[in-house]
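Open your viewer, keep the sequence panel beside it, and follow along one selection at a time. Each stop tells you what to pick and what you will find there.

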Amino acid sequence: MKGTMDLIDLKQLTSMVDIISEEKNLPKEVVLDVIQQAIAAAWRKDNGDKDMDVRTELNLNTGEADAFVMRTVIEDDVAFNPSTEIPLKEAGKKKKIGDIVEEKHKVTSFGRVASQTAKQVVIQRLREAERDVVLTMFEDKIGTVMTGMVARVEPKLIRIDIGKASGIMPKSEQIEGEYYTVGARLKVFIKGIERDDRGAQLILSRGNPEFIEYLFRQEVPEIENGSVQIKSIAREAGRRTKIAVAANVPGVDPVGTFVGGRGVRVQAVMNEIGDREKIDIVNWSDNASEYIREALSPAEIAKVEIEGKRAKVYVTEDQQSIAIGRQGQNVRLASKLTGYELDIELAKTPEKKKKKNVEDSLLSALEETSEEE
């Protein structure tokens, strides 16, 4: 399109709708809408101001275009913005307050500055349209993992190319302590597509708990056949993950199934996320007390008292630091995993009775004998 819009030629634009549609692999309606937005921007530049709400219609058969300035009808005798509002008495008999009045103008030619504006609008809008079309192809990829290449590293996010699409991995979705370099290939979880006024954006993640679940699904075929399942995941990416698993078939060891022979399955997942992050795989139980005990492993629990969604967990003094974990990590993840607010408390140890020695016993016996005499 270079050089085609230094001066706008409406008939030339009309003929280019099909060409652009084919080259950019975009629907014809999308390309037409982009060009009509460009014509509106150019007309506004030459004939109005930036506040005006202008739409245009381009006739693909004749190559002619009309611009429509839209104004909202307001009550008479009040201050108004002539670019966007019109008093009721000027709007016409059939109009009422709140209606939209359109004023039609024939589009003929534009000056050089307006033509340049139109060119910029076309380039920008086509890029946005292309990105939207590509991202639409990822709608059914949400919740899966794909391999991408790091395109750019920024302070708050990483830009990653996945095929024709480009996505971002915000700081909150990264693995803590993981270092990213331009050109590096890595697996990313397709978290979703965010759409706002600036367009659509593919959101990627490596820190999401679902990333861990997806990786295990690739290593544990028993998940797909229904023998075992993941019940819950709690994760602090780059530090520690707890997974509660259960068996649906009698005699199957769910933890052993996920760990794999000699730990090969869990190691394959750790190879992807890094050895800095530890993975605890525990047995899920429908008995809340048992589940909480499992979730707090490797700590040994003396007693659990449950009240609503809160639980008091009693441990001996030597197990207290293990139950809480470094910086409270173990109890925090166990709480997320089980859905219970957990309070770690010291179990009371029974007082030991003082043993009487042999001398004391003999002395007591002699005293009792002498009293009897």
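In which strand is Ile 86 found? Select residues 85–87: this is strand 3, and Ile 86 belongs to it. Before going further, keep in mind that you are looking at a predicted model.

**Stop 1: around Ile 86**

Show Ile 86 as sticks. Its relative accessible area is 11%, under the 20% limit, so the residue counts as buried. Now add its contacts from elsewhere in the sequence: leaving out residues up to four places away, Ile 86 touches Arg 71, Thr 72, Val 73, Ile 74, Ala 91 and Val 101. For a distance label, pick the C-alpha atoms of Ile 86 and Asp 76; these residues are ten apart along the chain, and the label should read 8.7 Å.

**Stop 2: a three-stranded sheet**

Next, colour strands 10, 11 and 12. They make an open sheet in the order 10-11-12, with mixed pairing. The edges are strand 10 (228–236) and strand 12 (278–283), each of which pairs on one side only. Neighbouring strands here are turned by 20 degrees against each other on average, ignoring direction.

Zoom in on strand 10 and strand 11 (residues 240–247), which pair in the antiparallel sense over eight bridges. Within that pair, look for Ile 233, which stands opposite Ile 243 in strand 11.

Then bring in helix 5 (residues 209–219). Helix 5 packs on the sheet and touches strand 10, strand 11 and strand 12, its direction making about 140 degrees with that of strand 10. Helix 11 also lies across strand 10, strand 11 and strand 12, running at about 135 degrees to strand 10.

**Stop 3: where two helices cross**

Stay with helix 11 (residues 329–338) and add helix 9 (residues 288–295): their axes come within 9 Å and cross at roughly 145 degrees. The crossing is right-handed. Helix 9 makes the contact with Tyr 291, Ile 292 and Ala 295, and helix 11 with Ala 334, Leu 337 and Thr 338. Sorted by class, that contact has five nonpolar residues, one polar and no charged ones.

**Stop 4: the nonpolar cores**

Finally, select Leu 202, Phe 216, Phe 258 and Ile 279. Of the 40 residues in the largest nonpolar core, these touch the most other members. Strand 8 (residues 185–196) gives the most to this core, with five residues. Centre on Leu 202 and look for its contacts, among them Leu 135, Phe 138, Ile 162 and Ile 190.

One more selection: Leu 32, Ala 42, Trp 43 and Ala 129 are included in a second, separate core of 30 residues.

Methods
Residues numbered from 1 in each chain as written. Predicted model: local features only at pLDDT ≥ 70, side-chain atom pairs only at ≥ 80, totals over all residues. Heavy atoms only, no water. Axes fitted to C-alpha atoms, helices over the stretch in contact; angles between N-to-C directions. Helix = DSSP H or I, 4+ residues; strand = E, 2+ residues; numbered from the N terminus. Left-handed = near helix turned anticlockwise from the far one by under 90°. Contact = heavy atoms within 4.5 Å. Nonpolar A, V, L, I, M, F, W, Y, C, P; charged D, E, K, R; others polar. Buried < 20%, exposed > 50% of the residue type's maximum accessible area, 1.4 Å probe, protein only. Pairing = 2+ DSSP bridges. Core = buried A, V, L, I, M, F, W, Y, C linked by side-chain atoms within 4.5 Å.
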